[in-house]
Structures are given as C-alpha cells and as structure tokens.
Amino acid sequence: MGQQYTPMIQQYLKVKAENKDAFLFFRLGDFYELFFEDALKASQELEITLTSREGGAEEKIPMCGVPHHSAAGYIENLIQKGYKVAICEQTEDPKHAKGVVKREVVQLVTPGTVMDGKGIVAKENNYIAAIANFNNQSYGIAYTDLSTGEGRATVLEGSVDLLLNELATIGAKEVVSCPDEDKDLLDKIKERCQAVISYEENSFMHDEFQKILQKLDAEELQEPVQRLLHYLKKTQKRSLDHLQPFEIYENDQFMKIDFYSKMNLEITEPIRGKDKKGTLLWLLDETSTAMGGRHLRQWLDRPLISKSLIEKRLLLVELFMEHYFERLDLQELLKSVYDLERLAGRVAFGNANARDFIQLKKSLLQVPAIRSLIKGMDHEETNKLAMALDPCEELTDLLERSVAENPPISVKEGGIIKDGYNEKLDQYRDASRNGKNWIATLEKDEREKTGIKSLKVGYNRVFGYYIEVTRANVKFLEEGRYERKQTLTNAERFITPELKEKEALILQADERSIELEYDLFLDLRDQVKQFIPRLQKTAKIISEIDIFQSFAAISEARHYVKPELHFNRELILENGRHPVVEKVMGSQEYVPNDCMMDDEREMLLITGPNMSGKSTYMRQVALTAIMAQIGCFVPASNAKLPIFDQIFTRIGAADDLISGQSTFMVEMLEAKNAITHATQNSLILFDEIGRGTSTYDGMALAQAIIEYIHEQIGAKTLFSTHYHELTGLDKQLSRLKNVHVSAAEHQGKLVFLHKVKDGAADKSYGIHVAELAELPETLIQRAEEILSQLEKSNGKTKTASVSREEVKEPIVSNASNEQLAFFSKPNEPAVSKTEKKVLKEIESLNLLEMNPLQALNVLYSLQKKIRK
Ligand code: ADP
Ligand code: MG
C-alpha cells in the first residue's frame, strides 16, 4: 500500500509516525494541512471544511487545512481542548529543492508548554510536571513553568495519594511519565488533575543540562528532572536558557491540605464554576503585577509551618501597613511593572520582540524608585528587600540607547533600532534619507526644466521610482531623456537613467538597513539573555513586595489583626469572621463569633438549626489558620493560633459537587484520610458527617468517629451535626464541648442570630426553614403534626428549643392554632379525629385502579373534610 502513495504523502506518513499523539500541522506553501485521521478529527474540533486529495493510492486522502498566518488561533484552540500539535515546516527553499521539499517538525506545542495565547493567564502559572515511580513506594516529581522558567522538585515517600495530591496542588496541565508506567496510575492522574499525559524515555543526557543535574544528589530527583528536561528539549527544539535551577523542597516544610479540602474551603478555586469570586484568593489578591498574583497563589497552595518564616512575613505586612503613603506610591509604581518573569522567558525562548524590550526597560526603570521607597521604611527586613532589588542599570542603559520608543511587532521590517546606536546602520539610513531628499530635489528640478507644475515623482513596488506626467503635458517632455514605463487613463509614467541610479542606492540602503536591524536585534536579544538570572531574581522580590502591599491594604481595609503564633495548644479567636462571607455580605450584616480552644476544649460539637451558620463558623476557623500561616493578618479582633501541620475537611454531603450513590463512600474515604493522617497538631472540620446514610447508621458512625479522634488523635476538631443525640457525648469525653449557633423564634418563625454560644441546641429547626422556603402551608402543617407524633412515640417531648432569653420579643399569642400546636404542651392531641379519618382513607385508596380525574376528585373531597 505504502508504495502507492506519492513521495510527499510518504514523507507525511514518516513524520506522522514519529508524532502519533499529536495533530500534525504539515506545511504546504501558505497552508498547514492535516491528513487522514487527523483531518477527520480536526475538521470536527475546529469546524473547518473537510476535503480530500489524490495521494497516489486508489482512495482519496481526507484533508483539511488552515492558512499559516492564522494558524496560531487554531493551534491554541486544540491545545485548550487538551490536544498536542506538531508543527512541521518546510526547511528548505522549494526553489532549490530536488524532489520533495525537506520538512521537519520544529516544535511540539502541548498544554504544558504553551508560551502565549489564551492558554496563558497572567496571574496563573502553567506547569508541566514529570514523575518517576520507585516501586510504588516513593515518587519523584519535577515541574516547571516554561513561560517563567521557575522549577521545583521533590520526593514523596508513601502512598500514591501523595503523588496525586501534589500534582493536583501544582495544577499541572501535562504530566510526563516513562512509557511503561502503570496505566492505572496514569488514569488516576488524568482524572484527578485533568492533565494530559506524555511519555519520555530517559536514555541520554544533554550536556546543556549537566549543570542543573549535578546539583541533584538523589536518584529520585535526578530521574524526574532529567525526564522533564529531555521532554522539553525534544518538543521545543530551542534554547531553554531561562530555566532556573530546580528548587528542591520537602512537603513537610508546608502545611498540608489535601486536594478535596482545598476545594471545600474554596482557597484558590471555587467549588462550582470557574468564577474566582468567592475564593480566598479572590479576597486576598490586590496585587498590581501578574508576577505578584502568581506568587500569591503559590503561597496559598503552600502555607508555611516555620514560625520564624511566618513571623517574618507578618512583620513585613505590618511594616507595609504602618507606611501608608509609601504603600500608595508603591502601588502606583508596581502598576508600571510588566511581567518580568515571562518577558525573560520570551527572551530565552526566542520569541521576544522589540516591544517586549520596551516593556522590560519601562519595568526596570521603576526599580530604583521602588527600592528607595522600601529603603525609606527603614527597617532591617525592608532594607534586605531593597538590597535584593537589582535595577540592572547596564541593561536599561543598553535598551535606552538601542531600541526605538514605539517599535513595530515585527522584528524583520526595521524601525526597531535607534539612530546613533550603530554606525553602519546610521550610514545606510543617511543614504536612504538623503536619497529621498535627492528625489524631492529632482522633482523640483524636473518641474522647472519642463514647466509642468503637476509633474510628480512616485514609487510603486513593480516599477520602483517613476516620473508621472498627465497625458496633456507629455508633449512638453524633452525627447529621448524619458523612457515610458506605464500608461494610465490620464497620465503616463516615465523613468530616467538618473532616477534609476539613485533608486538603486536608496533601495539597497533600505534593504541593507532592515537586514542589519534584524541582526542587531538578535545580538541585542543575546545580550539581554545574559541578564536573565538577575531579572528573575528581581522579579521574585517584586512579587513578594507586591504581595506584602496587597496583604497590608486588605488587612487595613477589613480591620484584620496580626495573629500571634505559638506552639502550645491554645486557639483564641475573638470576634472572628469568615473573611469571604463577610466581604460578600458586608461587615454590618456579619455577626462576629469567638472561638476558644485549648487542652480542655479540643473538640467542639456544633449544633444548631439549618442555615444558622454552622458551616460558616467552621470554615472561618480553617481559613483564618491558613491566612495566618501564609503570613497575612486575620479577620478577628484578637487572634492566638497554634501552627497547624495539616487541615482536613469533610464538608456536608448535600453542599458539594459530588452527588449520587458514591457520596457516602466519598464521605467515608475523606474521614479515613483525616483519621489516618491527622496528628495532634492538625485541624479537622467534619461538617454533618454521616448525613449520607440512614439515621442510625450515620449517627453511630459519627459518634464512633468523634470518640476515635478524641481518644486516639487529639487533633483540634470542629464537628457539626444534626444528630442531637450526640450532644450527650460531652459527659463521657472530657475534651469535647458542645457549642450551638443560636436562633430565636419570633411570632412563630425562626430568626437566625448566627451567634455561637456554649452548650447544645436541642432541636432541629428544619420545619421552620422549610417554612421560610415557602413550601405549601398544608405541607408544613402536616410536618408539624408528624413531628409531634414522633416526639410522643419517643416518649420525650421538647418545648421550644431556644432559650427564652434569646428571644427579642415574646412569642405572640395571635399566632394561628396550628402553630400553637407545635409549641403546645405534651398531652394535647396533635392530630384531630377528622384528620385521622382522612389518613385512613388515603391509606386505603387503590391508586392503580384510578385515573387522574378520579384521583383529583378524591383529593378534593379529602381536602374539603379537613378544611371545614
Ligand atoms: P448551616 O451550616 O448551619 O446550615 P451556613 O453556615 O451554611 O449554615 O450558613 C447559612 C447562611 O447564613 C450563610 O450563607 C450566611 O449567609 C449566613 N451566615 C452564616 N454565618 C453568619 C454570620 N456569622 N453572620 C451573618 N450571616 C451568617
Ligand atoms: Mg452547613
């Protein structure tokens, strides 16, 4: 079969065989064409027309294509959908080709390696990771953001969950694995991280990477780093000079929050949808630079556990708060700082243009002012920051001298380099400009000589410079000197030997100067490259400064306090708030709450009606701990916090995105995760655990879990529950205390006070919430009847569960009889005789033998009976 194909198709098939998992964009003249399967799939994905062409074989070959000048958009589109695209260019001039033009893949674009376009969000990193699996016992991970050059690597010892969690935390878009990795594992990675999987053998070593690799002593680190670098080299086929040395980290240096808990707490991503509004990141991000935004996200992904590091950050936030005016000026300056990290990446990668240089220069020009502002704060720590800022003066000088103020995007059409930077270039430009003057003089001379006032000298691409004379005036031209070139409707165009001679000079000068400008640009880019490490360092310091000013601004505006961190078991939050809910609803509305925990109060069992604020209260404690450990002030009037090593959450089944049968299983898995990994220094939030199964089951499990944590772990735990039976546990478990979120009844309706108080609430207010939700009145009445029956059959009845002191106004007596029944004394019959009869009737109906009309009639008569 193969032999039948034309040579070009054979060439295609060969290249395709080496790029099986990518769409092959095969350059044919002005188009990129796709063939066979690729064409079928791409025509659908990109909604472009599918055609076919002869390829030598009997069957026509499916084909579709996109113009090369608009290919970027299509490629971006495919990448966003998680595909890879291999770009295959003609690598020799078709004019000189013998046989089929040579073609080569010049770049493999993948989700983890895109450098620009829609895939790149200013305030987000785009990470690609490589993994190495050592007997399912330990795992090496290395990852980098190609657009910024930062790289990190770590070894994780333990279960595969650690690996999955780390990859999900990083948010890797692409994961490079060895080709014979366990398929199960790769499937899990795909599912958990929504990442594309790529493969890379690890067989040889580029000299280029020797330096990076030598620094890594452990094999567990060497392997993934090597794999990652090889993959990048293979796919990008260009300089990777901007890759920074890999920063080795250990997971134990940070507070651990597993992936689901991060989701539940909405730290950087919302539970539903894509809108960042409502996340902690959204609240905290007042950064002015893209770099600051990205680093803030990294901080949130990895809260610290080192007391001294946290305190250093807190101190800086405090200093930035104290220097209000400096901070305002700083914000202004930062706004003019472009994305230095990504600019450096583009320079190294070879896709920077002259406008990038201008952005680089403008950014660096802000640095001295930023530095002196920070220095002005006059503190040891701020001085350190100021010292670390490097304005790279030689670079700004160079760019100031060389690059024009408003250069074009294209680097091949001139207009980039300033006069006076290069002597040769100045000479060409002189020739070109003088030539143009000369042409202007010639026009004047010719007009005088011929007496034709309308004579003009023009230029077009086909004939070059010409003299144009209207038809009526042609007769005034001297014979023999003017050679006719073109005839228009009303005019004729001529050339003279003089004109052509000057033209040659001018055009040559223009052409040469454009060529020279391009060379100078490339040379400039190489010079800028030398500054990349210094640029990256400065970028990092600027992003930190940006975060500190952001934290300071928010802490001041929202009245946060500096938390005091310590190693004992005390947790004190006075007037604590849920930072995000408070921001959304406004601080007038929000009811602050205290949270006090210590050796005697290790677990809080939280009861209270639905919608009273149990979940909000629990989350606020976790978010406050996270804010403190990234070095931000916290929403409270006084805060003393222990340093938590881990946070675990299990948030109410009904409130989350996982639905259906597996809910309870997920709930149990998360409970297991917390119970197996939590230590005394962890924080556990269990929100209505056990809700996903039957009452007794759920209650039994909830109790067992509470006991286990109390006896075996001793982690600080907030446990909300709707099982009021559990509130008796405080008698057996000494470190468990009841708290409740209070509510009051007012005119037979429920009023939420959102105030957390000691002691247990003793009744669920479900029915009242249903009432607030405006379920049909008859249904509400019925539910109340059933409730009182149940209470009777349990042999215990409860009066209105809120303590009277919380009721702002007395329960009024004009409430309807039915409502009174609900609050009535134990022995009053809750169900009337008629109602009982009606119930009996309903029970005896044979619905299968009735048509809808009959059913309606019966319903009508029943209703009449109760209504009377
Ligand atoms: P629960 O978990 O008890 O059902 P939630 O914590 O989900 O209740 O809170 C329900 C609603 O009550 C929240 O959406 C919020 O609008 C409001 N809320 C919660 N806590 C407070 C508070 N402290 N102050 C004001 N409103 C609150
Ligand atoms: Mg809740």
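This is a short talk on the overall shape of one protein chain, a few of its residues, and the surroundings of its ligand.

Good morning. Please keep in mind throughout that this is a predicted model.

I will start with the whole chain. It has 868 residues, and a compact globule of that length would have a radius of gyration near 29 Å, whereas this chain has 37 Å. Along its principal axes, the C-alpha trace spans about 130 × 80 × 65 Å. The secondary structure comes to 28 helices and 27 strands. As for burial, 50% of the 868 residues count as buried.

Next, the domains. The assignment gives domain 1 at residues 2-109, domain 2 at 127-253, domain 4 at 423-525, domain 5 at 564-814 and domain 6 at 832-867. Domain 3 is written in two pieces, 285-392 and 531-557. How far apart do the C-alpha centres of domain 2 and domain 6 lie? The distance is 69 Å.

A pair of single residues gives another distance. Leu623 and Ile506 are 117 residues apart along the chain, and their C-alpha atoms are separated by 69 Å. Leu623 is found in helix H21. With a relative accessible area of 2%, Leu623 is buried, because buried means under 20%.

Now some backbone angles. Phe36 has a phi near 50°, which is a positive value in a residue other than glycine. Phe36 lies in helix H2, residues 36-45. Is Phe36 buried or exposed? Neither word fits: its relative accessible area is 22%, so Phe36 is partly exposed. Glu47 is not a glycine either, and its phi is positive at about 55°. Glu47 sits in the loop between H2 and strand E3, which covers 51-53. The relative accessible area of Glu47 is 73%, so Glu47 counts as exposed.

For a covered element, look at helix H13, residues 340-349. How many of its 10 residues are buried? The count is 10 of 10. The buried residues in H13 include Leu340, Leu343, Val347 and Phe349, and also Glu341, Arg342 and Arg346. Just after H13 comes Gly350, with a positive phi of about 90°.

That leaves the ligand. There are 14 residues around ligand 1, and Val591, Met611, Lys614, Ser615 and Thr616 come nearest. By class, the shell has five nonpolar, seven polar and two charged residues. Which helix gives the largest share of this shell? Helix H21, residues 614-630, does so with three residues. This is the helix in which Leu623 is found.

Three contacts can be picked out. At Val591, a polar backbone atom is 2.9 Å from a nitrogen atom of ligand 1. At Met611, a backbone N or O atom lies 2.6 Å from an oxygen atom of the ligand. At His754, a polar side-chain atom lies 3.4 Å from a nitrogen atom of ligand 1. On its own, ligand 1 has 560 Å² of accessible area, and the protein covers 78% of that.

To recap: the chain has a radius of gyration of 37 Å, helix H13 has 10 of its 10 residues buried, and ligand 1 has 78% of its accessible area covered by the protein. Thank you.

Terms used. Residues numbered from 1 in each chain as written. Chains lettered and ligands numbered in written order. Predicted model: local features only at pLDDT ≥ 70, side-chain atom pairs only at ≥ 80, totals over all residues. Heavy atoms only, no water. Near = heavy atom within 4 Å. Polar contact = N/O pair within 3.5 Å; in protein donor to acceptor, adjacent residues only side chain to side chain. Areas by Shrake-Rupley, 256 points an atom, 1.4 Å probe, with all protein chains shown as cover. Helix = DSSP H or I, 4+ residues; strand = E, 2+ residues; numbered from the N terminus. Nonpolar A, V, L, I, M, F, W, Y, C, P; charged D, E, K, R; others polar. Domains from an automatic or database assignment. Buried < 20%, exposed > 50% of the residue type's maximum accessible area, 1.4 Å probe, protein only. Rg over C-alpha atoms; globule rule 2.2 N^0.38 Å.
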